[in-house]
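This report describes a molecular structure for a reader who meets it here for the first time. The sequence and the three-dimensional model are shown below, and the description follows.

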Amino acid sequence: MPSNNSSFLDIDDDLEGVDDFAGETNPFDDATVPDRPSMNKSKAGEGNGFYGTADSKGESAPLQGQMDPPAYDQVIGENTNENGGRDGLRPGLINYYSRYFQLNLTQFKKRLSAVMTFRNDHNAGDNDNDCDLYGAVWITATVVMINFTMSGGLSFIINEVIKGTRAGGDVDRASQFKKLLHSIWLFYGYTFGVPFITMQVLQRDEHSERNRSFKSVPELISVYGYSNLIWIPVCVILNILDMSKRLRTVQAIQWAIVALGWAQSSYFLKSQMSKNNGEDGETQAGGKLSLSVIVAIALHALFCLLFRFIIF
Amino acid sequence: MTSGFGHIGRERRARGESIKMSYGRDDTIIEPDFIEADTLMAAGAGSADKGLHDSASRGTLDETVLKTLKRDVVDINSRLKQVVYPHFPSLFRCWCDGLGAEDSGSSAADSDISANCDLWAPLAFIILYALFVSHAQSLFSSLFVSSWFILLVMALHLRLTKPHQKVSLISYISICGYCLFPQVLSTLLSQVLLPLAFRIGGQNRWVVRVLSLLKLVVMALCLMWSVAAVAWVTKSKTAIEIYPLALCLFGMAWLSTIL
C-alpha cells in the first residue's frame, strides 16, 4: 500500500524486505548484552590506575560483557532452586571446585594444628565446611618443592658460598629433576588417587559402623592431603642427611625418620577414618581397627617404602 | 540500507537534530544505531599514555614493523609502570599502601580487570626468561612449557580462591605474566651478567663467594618484588591467597638461580 506521507524516511515501498517486519518485536533484543556500569563512568580520575588505562583501549571495551566469566553468585543463584545451590553445579565447572578452596586463615591454622595433635572433631557438628582441597594441593606442592630445591640449594650454599669453589657444570642436575618428577607423581598420585580406592574399601567393609562415614571422595582427599604435612619436616631432614648418604648410620637414621613419618601420618589417617564418638565410640570400637582402616594403613606403608626407595 | 541510514544520520547529527524514523506508522519509532563519537574514550584516556591511546585505532598494515614493535613495547611498559614498577623501592610498604589506596578507591577496578587481557607481554617475558636460563640450548622448550604451566596454576588458584570476582582465567594468566617481569630481570642478572663477572674474577674464592651471595640476594629481592606486585594487583591479602603464588614464583626464581 503506497503511503501518503511524502517524507523520504517513509520507506514502505510495497516490496518484500526489512520494512515488512517494522511492526514486529526485535528478536535480538533478548540477546543484548547489558552495558556495564563501569563503561559509562568517566575514567578521568582513574587514568593513572592499572585498570583505568586498560579501559582506555577502545577495542576491548565492547567485548567486556562477553568475555567475563559468569559470576560465582550468579551461577550459584541460578541453581539454588534446582538442587540446592552449590551442589547443583556440574563437576566440569571451575566454580564447582571453588567451594573446596574457600577457607580463611584461622580455619586453615586450626586444621593444621589438628593434624599435629591428632584432634578429631569431625563429629562435633557441622561437617559442611570440613572439607577443602586447598590443603591437599598446596601442602603437597610444598613437599614437592622442598624435595626439588633443598638438595640443590644445600650444595649451592656449601660449595659456592661457604667453600668458595665454583661447581660449574659438575652439579648433578639430573638427580634434582628426577626428584622433582618422582615427587610429583608419587605425592599427587597418592593424595588424589588412593582415596578413590580407600573410599571403595571403606564402603564395602562389613564393620563399616566402626568407620567414619565419608560423604564424598574430596573429603577423604582432604584428609590425605593434610596427612602430608608431616612430610614437610621429614623431607627437610632427609635432604640434609642426604648430603652424606654413604654413611651407614645416616641411612639407618633416614629409615628411622621415614618410619616416624609413616607412624605419625597413619595414626592421623586412622584417627580420621575411625569413628570417634567420645566415650561411646571407645566402648563400641573397643580399640579395634576395622579391616578397611588396616588396608588404608598398609597402602600408606607401601607409599612410604616407595618414597624411601624412589626419592632418597 | 544500513549505510543509507548512516548517511542520513551523519547529516542530521551534523545539524544537531534528533533523529527518529517512522516506517509508515505513527506508533513505530525506530532510533537508528549510531557509532558514538569517541569522546568518552578520549576522556578516559586523558591522562594515559599516548601510545596506549593510539592502540585503540590499531592498524598494523600501513606502518613499519619497527613502529608496531615500538608501540607494543611502550604499551607493555606503561602497564608495568602501573603494576610492577611501583613495588620495587620499598617493596612491602608500597604494597600495603597500595592496598589501602585501593580499598578507598575504585570499586570499578573489580570489573575492569578482565579488560586487561593480553598475552603478548607474558609471552615476551617467558621467552626471555627461558632464553636466559637455557642459554638457548635444548632446555628452552621445557622451560617455556613449564613457565606457561606455572602461570596456569597461578591463574587457576586465583580463580578458585576468588570466585566472586568476575575475572576470567585468561586475564589472571595475563596479570600473573606481567608480574614475571622481576623474574626476567633476576634471570638476566644471575644468568648473563654475573657469569661475566665470574669470568673476570676467575676462580678466586672470595669472588665466587661474593657473586654467589649476590645471586641469592638478587633472587630474594626479585622474588619479593614480583610477589608484592602480584598480591597487589590481584588484591590478595591473606597468606592463604599469597602463599601459593609465592611458591610458584619461587619455583621459577629458583630455576633461574640454580640452573
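Among the contacts of chain A with a sequence separation of 6 or more, 74% join residues 24 or more positions apart; two residues are in contact if their C-beta atoms, placed from the backbone, lie within 7 Å. In chain B, 67% of the contacts between residues at least 6 apart in sequence join residues at least 24 apart.

The model is predicted, so that local features need pLDDT of at least 70 and side-chain atom pairs count only at pLDDT 80 or more, while totals for chains, interfaces and linings use all residues. Residues are numbered from 1 along each chain as its sequence is written, and chains are lettered from A and ligands numbered from 1 in the order in which they are written.

**Chains and elements**

Chain A has 13 helices and zero strands. Chain B has twelve helices and two strands, and its order from the N terminus is α-β-β-α-α-α-α-α-α-α-α-α-α-α. Helices (H or I, at least four residues) and strands (E, at least two) are DSSP runs, numbered from the N terminus.

Of the 312 residues in chain A, 30% are buried; for the 259 residues of chain B the share is 32%. A residue is buried if 20 or more other C-beta atoms lie within 10 Å of its own, exposed if 12 or fewer, and partly exposed in between, with C-beta atoms placed from the backbone.

**Annotated transmembrane regions**

An unreviewed UniProt entry places the feature "transmembrane region" at residues 133-159, 180-201, 221-240, 252-269 and 289-311 of chain A. For chain B, the UniProt annotation of that name, also from an unreviewed entry, covers residues 138-158, 170-194, 206-233 and 240-258. UniProt positions are given in the numbering used here, feature names are shortened, and annotations may be inferred rather than shown by experiment. The table gives the computed content of some of these spans.

| Span | Helix | Strand | Distance between end C-alpha atoms |
|---|---|---|---|
| Chain A, residues 133-159 | 96% | 0% | 39 Å |
| Chain A, residues 221-240 | 85% | 0% | 29 Å |
| Chain B, residues 170-194 | 92% | 0% | 35 Å |
| Chain B, residues 240-258 | 100% | 0% | 27 Å |

**Helix packing**

Two packed helices are described by the angle between their axes and the distance between the axes. Axes are lines fitted to C-alpha atoms, for helices over the stretch in contact, and angles run from 0 to 180 degrees between N-to-C directions.

Within chain A, the axes of helix α7 (residues 134-163) and helix α9 (residues 217-227) come within 7 Å and cross at roughly 30°. Helix α7(A) is therefore roughly parallel to α9(A), since angles under 35 degrees count as roughly parallel, over 145 as roughly antiparallel, 65 to 115 as roughly perpendicular and the rest as oblique. On the side of α7(A), the contact is made by A:G135, A:A136, A:I139 and A:T140; α9(A) contributes A:I221, A:S222, A:Y224, A:G225 and A:Y226.

Helix α7(A) also meets chain B. The axes of α7(A) and α12(B) come within 11 Å and cross at roughly 25°, so these two helices are roughly parallel to each other. Residues of α7(A) in this contact include A:W138, A:M145 and A:F156, and those of α12(B) include B:Y243, B:G251 and B:I258.

**Helix α8 of chain B**

Helix α8(B) (residues 139-161) has 23 residues and should span 33 Å at 1.5 Å a residue; its end C-alpha atoms are 33 Å apart, which agrees. The expected span is 1.5 Å times one less than the number of residues. Among the buried residues of α8(B) are B:L143, B:L151 and B:H157. The buried residues of this helix pack against α5 (94-98) of chain A and against α7 (120-134), α9 (169-178) and α12 (239-258) of chain B.

**Individual residues**

B:P122 lies in helix α7 of chain B and counts as buried because it has 22 C-beta neighbours inside 10 Å. Leaving aside residues up to four places away in sequence, B:P122 touches B:L151, B:I173, B:S174, B:G177 and B:L180.

A:W185, in helix α8 (residues 173-204) of chain A, is exposed, with 12 other C-beta atoms within 10 Å. A:W185 and A:V144 are 41 residues apart in sequence, and their C-alpha atoms are 9.6 Å apart in space.

B:K235 is placed in the loop between α11 (205-233) and α12 of chain B. B:K235 has a positive phi of about 55° although it is not a glycine, and it is partly exposed, with 17 other C-beta atoms within 10 Å.
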